[in-house]
Amino acid sequence: MFLVALSFAYFAKALSGSYMKSTITQLERRFDIPSYLIGVIDGSFEMGNLLVIAFVSYFGARLHRPKIIAIGCVLMAVGTFIIALPHFLIGRYKFETSIRSSVNSTNNLSPCPARLLSPVALASGDVLPEVQSAGCEGESNLSMWIYVFLGNVLRGIGETPVQPLGISYIDDFAREENAAFYIGCVQTIAVIGPVFGYLLGSLCAKIYVDIGFVSMESITITPGDARWVGAWWLGYLIAGVITLLSAIPFWFLPRSLPIPAEQSLAQCSPEQASFIKDSPHLEHKYQADEPASFLEMAKDFIPTLKTLLGNPVYFIYLCVTIIQLNSLIGMVTYKPKYIEQHYGQSASKANFLMGTINIPAVALGIFFGGLLMKRLKLDIMGAAKFAIGTSLIGYFLSLFFFAMSCENAKVAGITIPYNRVNGVSGCNSQCVCSESDWDPVCGENGITYVSPCLAGCQASTGSGKNTVFFNCSCVATAGLSSGNLTASAGHCTQRQDCDRVFSYFLALSVITSFIISLGGTPGYMVLIRCIKPQLKSLALGFHTLTTRTLAGIPAPIYFGAIIDTTCLKWGLKKCGGKGACWLYNTTAYRHLSTTSNSHTPNSPLANTKELSKDTRNKIVDLHQPGKTVSAIGKQLGVKKSTVGAIIRKWKTYKTTDNLPQSGAPRKISPCGVKMITRTVSKNPRTTRRDLVNDLQRAGTKVTKATISNTLRRQRLKSCSARRVPLLKPVHVQARLRFAREY
C-alpha cells in the first residue's frame with residue numbers, strides 16, 4: 001500500500017514540476033520577463049526545498065514518516081494553486097502589433113504611419129504620438145511573477161519529505177533483494193509523471209490564454225507565433241487537484257511495518273560493511289528509534305552530519321552528482337525552448353515531443369537499470385562501474401549535437417541587412433516606423449520583416465490571420481522588381497534541411513537519454529548502501545540539499561542569463577525597459593544547449609549594441625526636419641546617448657558608417673607575431689636581437705622596442721640577466737681565511 005501511495009505522490013510532484021518547465025516560454029511572454037528571471041522562478045522550487053530539507057530528513061526519520069509526507073503533499077497543492085493565481089488578478093493579455101487603422105476607413109489597414117499624415121506634419125517631426133504611457137498606470141505584470149515565485153517556493157517546501165522519507169521507508173521495511181526493484185518502480189512512475197506533465201503543457205499551449213473571455217476570431221496570431229501565450233494557468237489547477245488527492249492515502253498508513261524475524265536478525269554483508277565506516281556489525285534494517293526529546297536530537301545533529309561527510313564514498317558521489325546535474329538541469333529546463341527557437345516548432349509541439357519521446361526513454365532507462373541490477377545481482381562496486389560507464393557513453397554521444405544545426409531565420413535588419421535583400425538602402429525611409437514593435441510578416445521573397453511598416457508596405461487587405469500586405473517596397477524576389485510585392489502575416493517557416501536535421505536530433509536525444517538513465521538506479525543504490533542504515537534519511541536529504549543548492553538553484557539562472565546574451569531582438573515594456581526576447585541567434589543557442597559553459601559571443605550574429613545601417617540612417621533622416629534626440633530615441637527604442645553619438649558623427653564626417661581605426665598599422669603582421677610567440681615559448685632565453693634578426697631575414701625591419709611591446713601584448717615580457725660579481729664578499733672572505741690558515 002505504501003509503495004502505491006508513494007508512487008502516486010511521486011507522479012503528482014513530477015507532473016507539476018514538468019508542467020512548470022513546459023510553461024517557461026508562456027510565463028516569459030505573459031509577464032514580459034527575460035530568461036534569467038524565468039531561471040529564478042524555476043530555481044525557487046529548490047530554494048523552498050533548501051529551507052527545510054536537512055531538518056525534515058533528520059527529524060522526520062524519527063517521527064511518523066507517512067503523515068509528514070501527507071502534510072508535504074498538501075503544501076505542494078496549495079503552492080500550485082498560488083502559481084495560477086496571477087491569471088485571475090491581472091487583465092487580459094495584449095500582444096504587440098504595429099498595424100494601425102487609416103484615418104478615413106476602418107476596413108483598409110495602412111501599415112505606414114507617415115503616409116497618413118500631411119507633408120507639413122511629416123516635416124515638423126510630429127509623426128507618431130507617444131502612447132507608451134497610456135497603459136502604464138494599469139500595468140501590474142511587473143510584480144505578478146512574484147506570485148509564481150512564492151507558489152513555487154511553497155511547492156519546494158511541500159516536496160521536501162517525499163523523497164528522503166519515502167525511499168528510506170521502503171529500504172527499511174523491504175527485503176534487501178527487492179529494495180532496488182521497488183525503488184526502480186517508484187522512480188519509473190516518477191518519470192511517467194513528466195510524460196503527462198508535458199502532454200498537459202502541450203494541450204494547454206494550444207489553448208489561448210484568455211479562452212472564454214475573448215472571441216477567438218479576434219485573435220490574429222497562431223500558436224507558432226512568438227507572441228502566442230497559451231492557457232498556462234489551467235494546467236496548474238489540474239496539477240494542484242492531483243497533488244491534493246495524493247496526500248489522502250498517507251494519513252491512514254502506520255509509522256512502521258512488521259519485519260520478518262530472519263530479516264530483523266540479518267547483518268551487513270562483508271562488502272557492505274567495508275563501505276560503512278567503523279560499522280562492521282550493524283543491523284541492515286532500521287527500526288524506529290525510541291522516542292527522544294527534540295533537544296537531544298538537535299544536539300546530535302552536527303556530530304551525525306560530520307560522520308556522514310566523513311564517508312569517502314558518499315562524499316565523492318556527492319561531488320560527481322553536483323557536476324553532472326549542473327549540465328543536465330540547465331539543458332532539460334530550456335530544452336523545449338531550444339526546440340522552439342532552433343527548429344522553429346511551436347510550444348505545443350515541443351512539449352508534446354518531450355512528453356512522448358524523451359521522457360519515456362528516461363523512464364525505460366531507469367526501469368531497466370533497476371531490473372539489470374537485480375538480474376545481474378550487481379554488488380556495490382558493480383553498480384558504481386555500471387553507472388560511470390553509462391554516463392561516459394551518454395556524454396560522448398551528446399557531442400554529436402554540435403553537428404545538428406539549422407541556419408538562422410532570415411529576418412531583414414537583424415540577421416541579414418536590408419541592402420542584401422534588394423540592393424537599396426532606405427526602402428522604408430518614407431515610413432516612420434518604431435523598431436520596438438514585433439509584428440512579423442513574411443515577404444514573398446522568403447524573408448521575414450519585423451513589421452509591415454519596416455517592410456515598406458503601403459496598404460493591406462483581409463483581416464485577422466488572413467491579412468495580406470501589398471506594395472511592400474523592401475520585398476523583392478528574383479527577377480521581380482515592380483508590381484504588387486506582397487507579404488503575409490506571420491514569420492516565414494521555410495528553413496532548408498531543418499526538418500531532416502530535427503529528426504536526427506530527436507533520435508539522438510532518445511538514445512542519449514536512455515543510456516544516461518540506465519545508470520540512475522544503480523548509482524542511487526550506491527548512495528544508500530555505502531552508509532549506516534540509521535543515516536539513510538539524513539544522507540538522502542543532505543544529498544538533495546547540496547545538489548539543489550549547488551545545481552538546482554544556480555543552473556537555470558546562469559543558463560537563462562547566458563541564453564539572454566544570444567537574443568537578437570528584445571521586446572519593450574509599455575513603460576519602458578527590456579521585456580521578453582522575440583528572436584535568438586540559433587547558432588550561439590545550439591552551443592549553449594550542448595555544453596554548460598559554451599557560448600559564442602564573437603559570432604557575427606551575436607547580440608551587439610551596434611545598430612544596423614538602416615537604423616543609423618533613419619536617425620539622421622528624423623533629425624534633419626528638426627526632431628529632438630529624445631523624441632528620436634523614444635520612437636525607435638534607442639538610447640538617447642546612442643542617438644546623439646550617431647548625429648555627431650554624421651555632422652562631422654557626413655556619414656554614419658563605421659570609420660577605420662586611426663593610427664599607423666602594426667609593423668609586425670599576425671603571422672610574425674605567431675612566429676615570435678612560438679619561438680619565445682620554445683626557448684625562453686631567446687634575445688630581442690635574435691628576434692629582430694629573424695624578422696629582418698623575413699623582410700620586416702623592426703626595433704628591439706617593437707619586439708618588447710609585441711611580447712608584452714602577448715603577456716610575455718623580456719628581461720635582462722642581473723649582473724653579479726664573479727666572487728661575492730662571502731667568497732672573498734672564505735678564500736682569505738683559507739690563505740691565512742694554509
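Reader: How many salt bridges does the count come to?
Author: Keep in mind that this is a predicted model. A pair gets in when a Lys or Arg side-chain nitrogen sits within 4 Å of an Asp or Glu carboxyl oxygen. By this rule the count comes to 6 salt bridges.

Reader: Which residue forms a salt bridge with Asp 42, and what parts does the pair tie together?
Author: Asp 42 lies in helix H3 and its partner in helix H1, so the pair ties together parts that are 21 residues apart in sequence. Both residues of the pair, Asp 42 and Lys 21, are buried. The closest N and O atoms are 3.1 Å apart, and the partner is Lys 21.

Reader: And Lys 337 and Glu 28, how many residues apart are they?
Author: Their side chains meet in a salt bridge, at 2.9 Å from N to O, and both Lys 337 and Glu 28 are buried. Lys 337 is in helix H16 and Glu 28 in helix H2, so to speak distant parts of the chain: they are 309 residues apart.

Reader: Which residues are joined into one network by salt bridges that share partners?
Author: Start with Arg 227 and Asp 439, whose side chains meet in a salt bridge at 3.0 Å, N to O. Both Arg 227 and Asp 439 are buried. Shared partners then give one network made of Asp 225, Arg 227 and Asp 439.

Reader: On to cysteines: is Cys 442 buried or exposed?
Author: Cys 442 is joined by a disulfide to Cys 492, S to S 1.9 Å. The cut-off for buried is under 20% relative accessible area. Cys 442 has 13%, so it counts as buried.

Reader: What is the handedness of the disulfide of Cys 457 and Cys 472?
Author: The sulfurs of Cys 457 and Cys 472 are 2.0 Å apart. Cys 457 has a relative accessible area of 0%, and Cys 472 is at 1%. The torsion about the S-S bond is about 105° for Cys 442 and Cys 492; for Cys 457 and Cys 472 it is about 100°, so this disulfide is right-handed.

Reader: Which helix gives the largest share of the largest nonpolar core?
Author: That core has 57 residues, and Leu 27, Phe 31, Trp 232, Tyr 236, Tyr 343 and Phe 505 have the most contacts inside it. The largest share, 6 residues, comes from helix H20.

Reader: How many residues are in the other core?
Author: This core lies apart from the 57-residue one. Among its members are Ala 5, Tyr 10, Val 162 and Ile 170, and its size is 42 residues.

Conventions: Residues numbered from 1 in each chain as written. Predicted model: local features only at pLDDT ≥ 70, side-chain atom pairs only at ≥ 80, totals over all residues. Heavy atoms only, no water. Core = buried A, V, L, I, M, F, W, Y, C linked by side-chain atoms within 4.5 Å. Buried < 20%, exposed > 50% of the residue type's maximum accessible area, 1.4 Å probe, protein only. Helix = DSSP H or I, 4+ residues; strand = E, 2+ residues; numbered from the N terminus. Disulfide = S-S within 2.5 Å.
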